[in-house]
Every structure is written in C-alpha cells, then in structure tokens.
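Student: I would like a close look at a single part of this model, namely the sheets of one chain and how their strands are paired. Please place that part in its wider setting as well.

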Amino acid sequence: MTRGPTWFNITSLVLGFSFLYLPIVLLVIYSFNESRLVTVWGGFSTKWYASLLQNEQLLDAAWVTLRVAFASATIATVLGTLAALILVRSGRFMGRSLFSGMIFAPLVMPEVILGLSLLLLFVAMGTARGFWTVMLAHTTFAMCYVAVVVQSRLVGFDKSVEEAAEDLGCPPVKTFFLITLPIILPGVIAGWMLAFTLSLDDLVIASFTTGPGATTLPMKIYSQVRLGVTPEINAVCTILVGLVTIGVIAASLVTKRQQVQRERDERAAFGADG
Amino acid sequence: MSEQTATPAKRTIGGKLLIAMPYLWLLVFFLAPFLIVFKISLSQIAVSIPPYSPAIDLAEGWQGLVEAFREFSFENYIWLTEDALYWKSYVSSVVIAAISTLFTLLIGYPIAYGMARSPQAWRPTLLMLVILPFWTSFLIRVYAWIGILKNEGLLNQFLMMLGLIDEPLVILNTNIAVYIGIVYSYLPFLVLPLYASLERLDGSLLEAAEDLGCPPWKAFWKITVPLSLPGVIAGCFLVFIPAVGEFVIPDLLGGSNTLMIGKTLWVEFFNNRDWPVSSAVAVILLMILVIPIVLFQNQQQKMSEKEG
Amino acid sequence: MAKKSIGPVRREFVPWENSDHPPFIEFRNVTKKFGEFVAVRNLSLKIYEKEFFALLGGSGCGKTTLMRMLAGFETPTSGQIFLDGQDLAGIPPYRRPSNMMFQSYALFPHMNVEKNIAFGLKQDSMPAQDIEARVSEMLRLTKLEQFAQRKPHQLSGGQRQRVALARSLAKRPKVLLLDEPLGALDRKLREETQFELMNLQEELEMTFLIVTHDQEEAMTVADRIAVMDKGELVQVATPAEIYEAPNSKFVADFIGDVNLIEAKVTEKSDAGTRLVSVVDGFVIDSEQETEAGLGETVWYAIRPEKVRIAQGRREEGQVNQIDGLVWDIAYLGDVSCIHSKVGEDDHDTIRATFANISRMVENPITWDDEVVLSFDRDAGVILKG
C-alpha cells in the first residue's frame, strides 16, 4: 500500500507508540530519582546505580543469568539450526508432524506448563537442580524459537547452490560448513540473539527448574518487586533495557547498511549486459 | 559400488545421529515431561521427597510399574471439579484473555494500519520500534506499570494535577490493570502479523474499488478488512493462547480476587506444595489450549501454503 | 535410393554412424520413478566423446532428471549409467568426473568470482599456484578478468552466467552438463552466448550435454539432439534430420512450424507413395516409401516454407497442388505467413511462408484471394498416425 498518511494514521501511530514506550521511558527517568519514594521526583541522582554495584546478591544473580543465557543460547542455536534443516529439507519422514508440533507448540505454550513439566522431569531423573537444569530448560524452549528464525531463512535458500558445491567435489558435511552455514549465518546469529534475550528474560521456567545457588536476575527482580517498587530495581531495569536496545539497534543498523550497499551494487551491475 | 538406494544426501550413521539430535532432545525435554505431568496428576500428595506417591521406581522393574498403575486415581481431577476455585480460574482466565485480545486488536489495528500506510522510508524504523519492546524484558515491562498505576502512582498524580479527579483511581490490583498489562505486553505479537498482511495488500485494489464508485470508508470495510483477516486471526491467536496461561501479569498487576489459572497453578505448586493437583491443573489447561493451538497451526500452514 | 545429405554439414564428426565406436556416456535401460510418477522410462542412449549433445523436450519430459542422474543428484530406480567405461552406480556427486552448470547458476553468494571458480579446484587439493593459473585462464576464457574480485550480486545476469560456466569448466570435467544454461538471458545475449558455447566446446575438446526446452538453442549448438516426451526418447538425430525428417507427428509438431495433413494411402510403388487428403480430396505425390498399407490413414507433414503460393486455381489433373482461399496473413518482418482455407471448416488451413526479399511489393496476395498452393515431391514427410 502506498498512500500518504492521513491525520488519523499519524495520530494512531503517535498514540500507539507512546503507549508502547512511555512506561519504559518513565521507568528510566525514575531510576535517576534522588528520592527513595519512586513516585516523587526528588532531583537527579545516580546513587542507585552506585548502590547496585554494592549489591552482591544482585551481581551474583546477574552473573548466573549471563552464564545460563550464553550456554543455553549457544546449544539452542546448534539444535535449533539442525531442527530447521530437518523441517525444511527432510521431506517426509516418520513422525514428522510430531516433530513440527514439538517445535511450534512451545512458542505458544504457557510458561507455567513448560516449567512444571520440566521440573517434574528433573525430579523423576533425580537430577540435582541448579545452574544446569535451568540451562537445559532454557535450551529446550529457546531452540524452538531458533528453529523458526533459521527456518524462515532456509525457505528462500536455493538448494542448487549446495548441489553445485557437491558437484564440484565437496562432500556433504564440508558443504554444510563452507556453503550452507555462511549463507544462513544472519538467521543463525539472529536466532542466537533471540535465544539469549529469551533466557535473560525468563522468570517462570527458571523459577520452576532452579535449585539452591542458582538464582537468576529475573527471579531476584521479581522477589524484590513483590516487596514494592524501588529505585534500585529501576536502575537494574534501565541497564538491561539499555543493553538490549543498543544491541538491537546496532544489529539492525548493520543489516540495513549491508542491504543498502547490496541494492546499490545490484543497481550498478544491472544493465552491464548488451 | 552396490549402493543402489543411495540418495544424493547420503547420510552416514553419524550424520543420522546428528540429525536425530534435536528430535531426541525434544522427545526427552518436551514430550516426556508432559507424560510425567500426566502421570503425576494421577498420583496422591504425600509427605515425602518427591512429595507425591506412588513415585515410579524403575528399580522395581515391571512389577513396580504395575503396582504404581494400580494406585493411580482420578481423584485430583474430581477435586478440580468440586472446588469452585479451579473452574472459576479457568473460566476467568479465558474471559480475561478474550477481553484483552479484543482490546489489543482495537489498539493494534490502527497502529498496523498506520504503519502500512506510512511512507516507504519510515516503515523499517516503525517496524523496529514495534519489535524493540519484544526484545526488552517482559518482567521489566510489566513492572514499569506498577509505578504508573498504583494509587499514588504517576497516572493518578497526572490526573489529579489536571483536576480531572479528586480521589485517586484504584487501578492496580484490579482486573483493569491485568487488561492493561496483557494489552501492553502482547501488542507487538498482534501488530507484526497484522502489519505483514496489510502491507502486502495491493494499493491498486483500493483504487479499483474507488474507481468503481466505492467511497474510501466503505472500501476499507469491503476490501482492506477482509483481506487483512488472516493477519487478524494469526495475531489474535498469538495474544490469546499465551494470555490464558499468563502468570506474571495477574500476579504483579492483578488483585487477590483476580483469578487466573497460571497464578492458581503457581500458588498450588510453590505455596501448597501439592504437585499432583498442580499437575492436574496443567493437564486441564493444556486440554483447553489444544484446540486454539491446533487451529492456529492449521491457519499458519494454510498461509504458508498460499505463499509457496 | 541414393541417400541425400540433409542440411548443412558442420564438420566431419559422425561417430554415431559407426556402430563400433565406443560410447563415452551410456544410459542402459534407465528408469526413474518418483513415487508413482515415472520420470524416465526404460531409456537407453549413447553419447560420444567430444560431442555437443542436447536433450530437448517440454517441461516434465524427464530431460532434467536424466541429466541429474548423470550428475549423481538422482539415483536410477533401475538401469545403469556409464561414463568413460565406468559404472556410476553408488558414486556420490562429489566424486563424479562431471561438472554441471545450473539453471539458477547457483553461484556461492558469499564468495567472489575468483573464489567461486577456484572452489572445485580446492576440493581436489590442487597446489595453490596451479589453482591460480587455472583460475586466471578461466577468467580470460570467459572475459571476466576485471570482475575477479566482485561478488555475485555485483554482477549482471550475463556476467553471472559466465562465472557459472567458468566454475563448471575449471576442473576440466570429462563431461560438462548444462541445465538450461541460457534460460535467464534475454534473446540477443542468448544468441551470442550460444556461439560462445560452441567455440568453447571446440577449443577445449570436451563433451557437452545440454538440457533445454528451446528448440532453436538445441538446433544451434548441438551435434545431435534427443527429443524427449513423457520420459522416453522420441528421436535422436542431427538437428537437420530432426527438422527435415521427423520420425513422428510429435517431433514434427514440436520442432518448428508444420502443416499436418490427414490423408489416405492410395498407391504404393518403388517410385514413392500417393495419398489423397481427407479434406478437399487433393492428391499428394511423395517420393517417400511408407510402411503404411493401402487405404490406411497417415499424416503428411510439410513445413510452411516449402509450400509455394500463387494467385489462381490449380490445373486439372495436377498433383501436389491445392486450391485455397486466403484467410489470414501474418506479416512478421523477415517472413510473411499466409493461412489459406482449404476446406469447409475454419481449422482446415495450410500455412505457407515466404521471405520478404524486397521492400516494395507489387500486387500482393491479399485477403479472400483465390490461391493455389504447391510443393515438390520431396518437400514433406509421411508419418504414421
């Protein structure tokens, strides 16, 4: 659709995006509030950020969360990429619909069910709960997101490129690493980033599957939030939001620049014939 | 050289195993847990570790398994029908999710429409603005509303400053706060598929409609809305299904009389430590959600087939 | 009867006429099924070294499947394929001495032109300086020197096509497989490239196998053409034979433009055959002998350019003359095609084409003119239904 925006459209966009961003903006502003009372502005201050650095428990939780997120995102990316390859490439095989069902169901499944079921599995297996169980749980639901992201990249993939590599003497496994992986890499990286932030974010599944000594940042934030809003939590949230925002904007700027460059190249190459 | 059945993607046993890995992983960590949940939902609460009986002890072999099955009962499910708390939670979850989905649609449609009608150059930026909140922590976004909605919160301060109200409005810890939270958290899930289907809509269709004598507002109802329906349906499913089982939003924004099944399950599990009953709650929740999930997957399949 | 040579003779290269000549590629009773669908049906074919061979047919005729079985991307359901005396069964694509140029070109998007061309050589662990030498040779051969550092998306369609060609030739395969190699190019560039392909094939003295649905392309480049339909070979012959002496109604109709006249055999002798057209009852006298019995219905296929057209009526008792009424005239620039109605039905028309050799035309044949269509004894072919 290419029609000029009307006043109605502009108004709905402005209102819509204000609704989406105002709460976060307010949260960021109030993290610089001098006053302990979150809703009363007492002047600008960064003292809550300073006190964060003193909060060992919070820092510990952050460290656990980062480790869990990094490990689970990495494993989930490997498994999710393989799963996407199976979904797109394998054609028909035994239990295919079960497999695709297992990939898509976790995307909409309530987290309480996922968390509870994984916990009961770990209990039944007699696994000691802690860092590893949270990591396994996060890997499981994150790999489904990775699979979906990578799959969308694979669908537009010209399979004859792989055939060409094999035709030129490259065995299948080598072809995957030399040809397929580099081509789908943007999707794989996006999948990893998504898996990482999902793990960073998760409260419910982590609460079910964690054990002593493995309290994640969302769990810490949650328990403090239940006690009431504090400027310190605002400060943690601001840092998290800031990091994610910078990451996403940087990633999309890089992608956009590549795209623009590519379009320019293609335009330049066009018409070199004849 | 006698391999007559060799296919182009020839797979060694190692290759097959590698490919089977995600499958096995999901069988172990996704499907098996459900069977365990189902099994435990048929067990009894017990003062032991783990806190239910019978616990299947594989060491006892087949005999132990048979013994365990003999002790299974549907008592937990009967209990769910007898205690009004549970079925009220289910009903209220579905109602709250449905109302929130409706509001999300009412707010999301103009946004998606405005995006699709905006100049080409704006669209990538607008799209990123919608996706960005999706990447930021869910918990943080819900938390941000507490400071706004509470009695001495920013919204009430603002309204009192304008002189619109004398007494602070009680919003936090009511269902209204839960609606706001769900709409806010799930808005991107609805806007994205909706925008995709609106953007694909061929502008010349509207021009054709107007050319044939249809005024713009009528063209909107006769052309734009029906053609964006797949996006509307996909978006509504993406909001409704997870909202039914939502825990964080009713827990942080809702009040003590906000009944949602995700919260009930959490309380049953963490506070009452009744694993069998919470398992039964999960099984029933899953059964309620199976229908919309299957409908959603069918619709997705149909859409991808249409594109392909 | 002394055999006349059909069409122009390109060069003295006719290994297929010598039954002792060993084939370079041989398909022996090859069948390929996809589920219930039979893509290739019990097909046998011999292709000779240094031949430029074309597989021609409509979509779904099995030509691409046949080529993909040779490359190793499909496995025959039954039958054998030999290349240079070796049975290819069980050999994966990456160990076969053939290389393929793909319809989509299948260039590696993340590698520049040079790396694309060097890819196959690297797989053979060729020494670095040899690779370099071969790559620059290929760049020179395909006139791509100045684009060596470019990535595929920075190239035009014609340049991409040349990269794909260079890449598949770099390893000096025993046979080069070309899958609709020029399909994505516009007409002018396609014609130019066809001649480049022929020159390359002669210069490198390699065996080329091309799959195409474009009959002009096949006729331009190939030494021999195999016309395929529904998974079977219909005719394997030189382009001129395929055009001038099609062996079936299908081939006559598929290649070029043709008038198909339904007729009954009335007379057979050493001097040829006489037919009477079912429509309008005109008499056709052909020098060709036929297996069809007296009274049997056959098809007489005659190319429009072999039909002469003049104003007037046929002479009484004359053969190979037909009375017609001009029904439609198509002016195509280089030639004109006149559709003349010879029967009651609107579909009973015969087409005659003639070259427009002069710019100004006096007293041209025009609509509703009475005309007489005539042709020589050896102008057409008798085909069994």
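Tutor: The answer below begins with the sheets of chain C and then turns to chains A and B.

The model is predicted. For chain C, UniProt, in an unreviewed entry, places the feature "domain: ABC transporter" at residues 25-255. Over this span the chain is 36% helix and 26% strand, and the end C-alpha atoms are 25 Å apart.

Chain C holds an open sheet of six strands in the order β6-β7-β8-β3-β9-β10, and the pairing is mixed. Its edges are β6 (98-101) and β10 (232-237) of chain C, each of which pairs on one side only. From one strand to the next, the twist averages 20°. Within this sheet, β3 (residues 52-56) and β8 (residues 207-212) of chain C run parallel and are joined by five bridges. One residue pair shows the register: Leu55(C) has Val211(C) in β8(C) as its bridge partner. Against the sheet packs helix α1 (residues 63-71) of chain C, which touches β3, β6, β7 (175-179), β8 and β9 (224-229) of chain C. The direction of α1(C) makes about 145° with that of β7(C).

Further along chain C, strands β11, β12 and β13 are linked by hairpins. Strand β11 (residues 259-269) runs antiparallel to β12 (residues 272-277) of chain C, with six bridges between them. Here Ala263(C) is the bridge partner of Ser277(C) in β12(C), and the hairpin that joins β11(C) to β12(C) passes through two residues. On to the next strand, β12(C) is joined by four bridges to β13 (residues 283-286) of chain C, again in an antiparallel arrangement. In this pairing Thr273(C) stands opposite Ser286(C) in β13(C). The hairpin of β12(C) and β13(C) has five residues between the strands, and Asp280(C) in the turn has a positive phi of about 70°.

The setting is completed by chains A and B. In chain B, two domains are assigned, domain 1 (13-71) and domain 2 (75-307). Between them, 10 residues of domain 1 are in contact with nine residues of domain 2 of chain B. On the domain 1 side, the elements that give two or more residues are α1 (13-41) and β1 (44-45) of chain B, and α1(B) gives the most, with four residues. By class, that side has seven nonpolar, three polar and no charged residues. UniProt, in an unreviewed entry, lists "domain: ABC transmembrane type-1" at residues 90-296 of chain B; this span is 79% helix and 0% strand, with its end C-alpha atoms 20 Å apart.

Chain A meets chain B through 60 residues, which are in contact with 75 residues of chain B. Several helices of chain A give two or more residues to this side, among them α1 (7-30), α3 (56-89) and α11 (231-269). The most comes from α1(A), with 12 residues. By class, the chain A side divides into 46 nonpolar, 10 polar and four charged residues. In an unreviewed entry, UniProt places the feature "transmembrane region" at several spans of chain A, including residues 7-32 and 99-124. Residues 7-32 of chain A are 92% helix and 0% strand, with end C-alpha atoms 36 Å apart. For residues 99-124 of chain A, the span is 92% helix and 0% strand, and the end C-alpha atoms lie 24 Å apart.

Key. Residues are numbered from 1 along each chain as its sequence is written. Chains are lettered from A and ligands numbered from 1 in the order in which they are written. This is a predicted model: local features need pLDDT of at least 70, side-chain atom pairs count only at pLDDT 80 or more; totals for chains, interfaces and linings use all residues. Two residues are in contact if their C-beta atoms, placed from the backbone, lie within 7 Å. Ala, Val, Leu, Ile, Met, Phe, Trp, Tyr, Cys and Pro count as nonpolar, Asp, Glu, Lys and Arg as charged, and the others, Gly among them, as polar. UniProt positions are given in the numbering used here, feature names are shortened, and annotations may be inferred rather than shown by experiment. Domain bounds come from an automatic or database domain assignment. Two strands pair if DSSP finds at least two bridges between them. Axes are lines fitted to C-alpha atoms, for helices over the stretch in contact, and angles run from 0 to 180 degrees between N-to-C directions.
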